[in-house]
Amino acid sequence: MTRRLVLEPLTQDAFAPFGDVIDAPARGERPSLEQTIGGSDGATQPKLAFSHVEPWALPIQATQMERHNRSSQCFAPMDVARWVVMVAPDLDGKPDEAGLRAFLVRGDQAVNYHTSAWHHPVRVLDRPGRFAVLMWTTGTTADDEEWATLAEPVSIEAG
């Protein structure tokens, strides 16, 4: 059986339990994430990576989620149309599937996942997308990335 999850517009209030939404700044504004961005537990080395993501069509089938226990993770679009974010609260070290939410993100919005926030890998719609991704690392092979398989597949769909 597949669970259906309808996309909702991304807003800071709706996304607050999982991270930050950064809208395109107005002229003269310089939003900052200094309160919620960074690493802990030895993850003190910033890592800035750039990714090129191929587009997906709706519905998107999700079977796994990931989180980073030592670092926030910020996705800043460089050339993106619309993209999709799926998140879940934590329940005893696994995604709380009852609290799954899926958001439709505009191409001019960035997302910063808080440390340990469960999220689905990034998916873009409409055309290929490029992101700058900022997180922190320990600088060793010890990885803070954790994966969980969902109890049943989730179909992320338009409203």
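Buried means under 20% relative accessible area, exposed means over 50%, and partly exposed is what falls in between (1.4 Å probe, protein chains only). By that yardstick T137 is partly exposed, because its relative accessible area is 23%.

Some ground rules before going on. This is a predicted model, so local features need pLDDT of at least 70 and side-chain atom pairs count only at pLDDT 80 or more, while totals for chains, interfaces and linings use all residues. Residues are numbered from 1 along each chain as its sequence is written, and side-chain values use heavy atoms, with hydrogens and water left out.

Back to T137: this residue sits in strand β14. Strands here are DSSP runs of E with at least two residues, numbered from the N terminus. The C-alpha atoms of T137 and V21 are 22 Å apart, with the two positions 116 residues apart along the chain.

**The pocket**

Strand β14 turns up again in the largest pocket, which holds about 190 Å³ of space. Of its 14 lining residues, E66, Q73, F75, V133 and E145 are the closest to the centre. A pocket is an open set of points on a 1 Å grid over the protein atoms alone, where a 1.4 Å probe fits and protein lies on both sides within 12 Å along at least five of seven lines; lining residues have an atom within 4 Å of a point. The volume is the space filled by probe spheres set on the points, which are joined across faces, edges and corners.

Which strand gives the most to the lining of the largest pocket? That's β4, with four residues. At least two residues each come from β4, β6 (73–79), β14 (129–137) and β15 (145–157). By type, the lining has eight nonpolar, three polar and three charged residues. Here Ala, Val, Leu, Ile, Met, Phe, Trp, Tyr, Cys and Pro count as nonpolar, Asp, Glu, Lys and Arg as charged, and the others, Gly among them, as polar.

**Salt bridges**

Side chains of opposite charge can pair when their charged atoms come close. A salt bridge here is a side-chain nitrogen of Lys or Arg within 4 Å of a carboxyl oxygen of Asp or Glu, and the whole structure has 10 of them. Three are listed below.

| Pair | N to O distance |
|---|---|
| R4 and E157 | 2.3 Å |
| R130 and D79 | 2.9 Å |
| D126 and R82 | 2.8 Å |

R4 belongs to strand β1 (residues 3–6) and E157 to strand β15, so their bridge links distant parts of the chain, 153 residues apart. R4 is exposed at 54% relative accessible area. R130 in strand β14 pairs with D79 in strand β6, and so ties together parts that are 51 residues apart in sequence. Both are partly exposed, R130 at 40% relative accessibility and D79 at 28%. Salt bridges also link D23, R106 and D108 in a network.

**Backbone oddities**

Most residues other than glycine have a negative phi, and most peptide bonds are trans. L58 and P59, however, are joined by a cis peptide bond with omega of about 0°, and P59 lies in the loop between β4 and β5 (60–68). D92, not a glycine, has a positive phi of about 55°. D92 is found in the loop between β8 (90–91) and β9 (94–95) and is exposed, at 76% relative accessible area. S116 also has a positive phi, near 70°, and lies in the loop between β11 (109–113) and β12 (118–119).
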